[in-house]
Amino acid sequence: MSGRLRRAYRGMRLGTRLALGLGVLSLVVFAVVGTALTTYMRDYLSAQLDTQLAQGQVAQSKSIADYGTLSGKKYYSWYYAVYDVSDGEPVLRRPEDPADVPADVDDFTSLARAQTVASTEVLRTEHLRGKGEYRLRACEVEPGVVLVSAAPMEDIEDTVGQLITIQAVTFGLALLALVVLGRGMLRRGLQPLSDMAHTARGITSHDLTDSGRLPVRHDGRGGGPEVEELRTAFNTMLEHIDDSLVVRAEAEQRLRRFVADASHELRTPLMSVRGYADLFQYAAANAPEERDRHLARLRAEAARMGFLLDDLLLLARLDAAEVETPLRPQEADLVDLVEQAADAFRVTHADHPLTVAPGPGSLVLRLDPQRIRQVLDNLLTNAAMHTPAGTEVSVAVSLIGDAAQVRIADAGPGIPPADRQRVFDRFYRVDKARSRDRGGSGLGLAVAESLIRAHGGRIDLTSEPGATVFTVTVPLTVGALTKS
């Protein structure tokens, strides 16, 4: 039975459970208040009856002492018994009226005997057989004479009973109103929680595989500071989940695009290798003079595929840098690395005049010189490949605050605004019509950005017709040394 009640209670809504709990607490309070009030009323009425008994016995004692009788000093439904106790044992005098004493006077005699021993007034509450509850008082009228008076407590019991009835009805109605109205108020107060549950159900019914955005939020109001705090935390959690889903969706899209692009980029040199291999086999049998040319093409395609695989491997290692960092930092002069990259650029791209702006004579940082040189080569090569012959290119090294900057600029046609946000994406090419032989694999800028980010820096791009600038910022380490 108790198990069923517990299961039924657990199945109730929170508002109903709170209302029942409030009702039980109120019932306890009402019981305590009612008991205290009833006890106080009973004691108060009993004290009044004791006072009335004392006052009546004063007048009756005087009448007995003066006239030997009660002579009209009687109260309706009271009992009176006069005892002679001269020899120590109470002896009942013959009553003036047989109705003055009950049929059973044992309680009166016992009280008279107790008064004789105590030598003072004695009060008791006794149940007189066939008559009910009575309040008995014994006092000494004169030496050797004891008067015992008994007043009925029926009026007190009736008054206390009526008080209990009024309390039970009043408290019952108040308890019922408290439970009903309290349940309604609690339901209204807990409505925001129900709204949040509805919002959560809306989230669970939404297909998160199609979109990275959650279409629901809890925008209700009311409920007090606690509910408002919960609502704020709930919406903050939704925003966090929303952002995480967006990041996950974007990562999945990038991964799918990366796999598709990588497959496409690798497919081209593989097809070339297969074709030149067939040609080489044909030339070996029919045109020996063509073998060297086809073999050279085979080597070139294999080398291009090797460079592509190296870049892909490097990007994968940079993405998993927390497991295995591809950097080997050491103290190196950034200015010297820039000059080396500039010299190599002048040799390989003689049709693009290069200017190295004056700057610090030396800027020693703790970095991976091979990877920084790779970044510089990629950026300079990018400037040459996407600008016409004769376009001026400039490189400048500077120290800005707590970071070193390398600024690579060209005076080419610039990068369209729609492409500026994606130039660092993997396999992305601004000029879609450019051949792979001329335009590269589309990984140069992605590799450069990942390497600089691995050094704790960043690459910024600004572009407009006639001026495209890549700014590489690398923070200074604790052991950085600068010289003018």
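## Working through a predicted model

In β5, both faces are covered: Val 145, Leu 147, Ser 149 and Ala 151 are buried on one side, and Val 146, Val 148, Ala 150 and Pro 152 are buried on the other. Keep that strand in mind for the exercises below. One caution before you start: this is a predicted model.

### Exercise 1: the sheet around β5

Work out which strands make up the open sheet with antiparallel pairing, and in what order they come.

**Solution.**

Step 1. Lay out the order. The sheet has five strands, running β2-β1-β5-β4-β3.

Step 2. Find the edges. β2 (91-92) and β3 (122-128) each pair on one side only.

Step 3. Check the neighbours of β5. With β1 it shares six bridges in the antiparallel sense, and Asp 84 stands opposite Val 145 of β5. On the β4 side there are eight bridges, again antiparallel, and Tyr 134 has Pro 152 of β5 as its bridge partner.

Step 4. Follow the chain from β4 to β5. These two strands form a hairpin with two residues between them, and Gly 144 in the turn has a positive phi of about 90 degrees.

Step 5. Finish at the β3 edge. β3 joins β4 (residues 132-142) over seven antiparallel bridges, with Glu 126 facing Tyr 134 of β4.

### Exercise 2: what lies across that sheet

Which helix lies across β1, β3, β4 and β5, and at what angle does it run to β3?

**Solution.**

Step 1. Name the helix. It's α3 (residues 106-118), lying across β1 (79-84), β3, β4 and β5 (145-152).

Step 2. Read the angle. α3 runs at about 165 degrees to β3.

Step 3. Go back to the strand you started with. Eight of the eight residues of β5 are buried.

### Exercise 3: the mixed sheet

Now take the open sheet with mixed pairing and pick out its edge strands.

**Solution.**

Step 1. Write down the order. The five strands go β7-β9-β10-β12-β11.

Step 2. Pick the edges. β7 (354-356) and β11 (458-464) pair on one side only.

Step 3. Look at the twist. On average, neighbouring strands here are turned by 15 degrees against each other, ignoring direction.

Step 4. Zoom in on one pair. Strands β9 (residues 393-400) and β10 (residues 403-410) are antiparallel and share eight bridges. Ser 398 sits opposite Gln 405 of β10.

### Exercise 4: the nonpolar cores

Find the residues with the most contacts inside the largest nonpolar core, and say which elements supply at least two residues of this core.

**Solution.**

Step 1. Get the core itself. It has 39 residues, and Leu 334, Leu 376, Leu 380 and Val 406 have the most contacts inside it.

Step 2. List the suppliers. At least two residues each come from α8 (334-348), β8 (362-367), α9 (369-385), β9, β10, α12 (444-454) and β12 (467-475).

Step 3. Look around Leu 376. Setting aside neighbours within four places in sequence, Leu 376 is in contact with Leu 337, Val 338, Ala 341, Val 406 and Ile 408.

Step 4. Check α12. Its buried residues are Leu 445, Ala 446, Val 447, Ala 448, Ser 450, Leu 451 and Ile 452. After the helix comes Gly 456, with a positive phi near 85 degrees.

Step 5. Don't forget the other core. Apart from the largest nonpolar core lies one of 17 residues, among them Val 85, Val 105, Ala 112 and Val 146.

### Exercise 5: aromatic pairs

How many aromatic pairs are there? Describe the ones that involve Phe 30 and Tyr 40.

**Solution.**

Step 1. Count. There are four aromatic pairs.

Step 2. Take Phe 30 and Phe 171. Their centres are 4.7 Å apart with 15 degrees between the planes, and the pair is stacked. Planes under 30 degrees apart count as stacked, so that label fits.

Step 3. Place both rings in the sequence. Phe 30 is in helix α2 (residues 14-67) and Phe 171 in helix α4 (residues 154-189), so the pair ties together parts that are 141 residues apart in sequence. Phe 171 counts as partly exposed, at 22% relative accessibility.

Step 4. Take Tyr 40 and Tyr 44. This pair is stacked too, with 6.3 Å centre to centre and 20 degrees between the planes.

Step 5. Place these two. Tyr 40 and Tyr 44 are four residues apart in helix α2, so about one helical turn separates them. Tyr 40 is exposed at 54% relative accessible area, whereas Tyr 44 is partly exposed at 40%.

Notes: Residues are numbered from 1 along each chain as its sequence is written. This is a predicted model: local features need pLDDT of at least 70, side-chain atom pairs count only at pLDDT 80 or more; totals for chains, interfaces and linings use all residues. Side-chain values use heavy atoms; hydrogens and water are left out. Two strands pair if DSSP finds at least two bridges between them. Axes are lines fitted to C-alpha atoms, for helices over the stretch in contact, and angles run from 0 to 180 degrees between N-to-C directions. Rings of Phe, Tyr and Trp (its six-membered ring) pair if their centres lie within 6.5 Å; planes under 30 degrees apart count as stacked, over 60 as edge-to-face and the rest as tilted. Buried means under 20% relative accessible area, exposed over 50%, partly exposed in between (1.4 Å probe, protein chains only). A nonpolar core is a set of buried Ala, Val, Leu, Ile, Met, Phe, Trp, Tyr and Cys residues joined through side-chain atoms within 4.5 Å. Contact means heavy atoms within 4.5 Å.
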